[in-house]
Amino acid sequence: MMFESLFDIVKEFFLKADVRDIYTHMAFEFRVQGEPSGVFYLEIKEGQIRIEPYEYHDRDALLT
């Protein structure tokens, strides 16, 4: 499996989360090791969720 395929699966899963009542800013960076490997972030802000396949340097938590 390629990282892009894994990312698409994870993104679809997280976008189903109900975050409409969360207005504080939270940002998480995920570093996937092994095969496939890559980095993506999840940001919750003003009741919306955003997930992108990039590093997030101003994160609240780093998960490897």
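## Strand pairing

Two strands are taken to pair if DSSP finds at least two bridges between them, and helices (H or I, at least four residues) and strands (E, at least two) are DSSP runs numbered from the N terminus. The model described here is predicted: local features need pLDDT of at least 70, side-chain atom pairs count only at pLDDT 80 or more, and totals for chains, interfaces and linings use all residues. Residues are numbered from 1 along each chain as its sequence is written, and side-chain values use heavy atoms, with hydrogens and water left out.

Strand β2 runs antiparallel to β3, to which 5 bridges join it; within this pair, E43 stands opposite R50 in β3. Strand β1 (residues 26–32) is also antiparallel to β2, with 7 bridges between them, and here A27 faces E43 of β2.

## Hairpins

The hairpin of β1 and β2 has 5 residues between the strands, and G34 takes a positive phi near 95°. In the hairpin of β2 and β3, 2 residues lie between the strands, and E46 takes a positive phi near 55°.

## Core and burial

Of the 8 residues of β2, 6 are buried, so this strand is largely enclosed by the rest of the structure. Buried denotes under 20% relative accessible area, exposed over 50%, and partly exposed in between (1.4 Å probe, protein chains only).

The largest nonpolar core (buried Ala, Val, Leu, Ile, Met, Phe, Trp, Tyr and Cys residues joined through side-chain atoms within 4.5 Å) consists of 10 residues: F3, F7, V10, V19, F30, F40, L42, I44, I49 and I51. At least two residues of this core come from each of α1 (3–14), β2 (38–45) and β3 (48–52). Leaving aside residues up to four places away in sequence, F3 is in contact (heavy atoms within 4.5 Å) with V32, P36, S37, G38, V39, F40 and P53.
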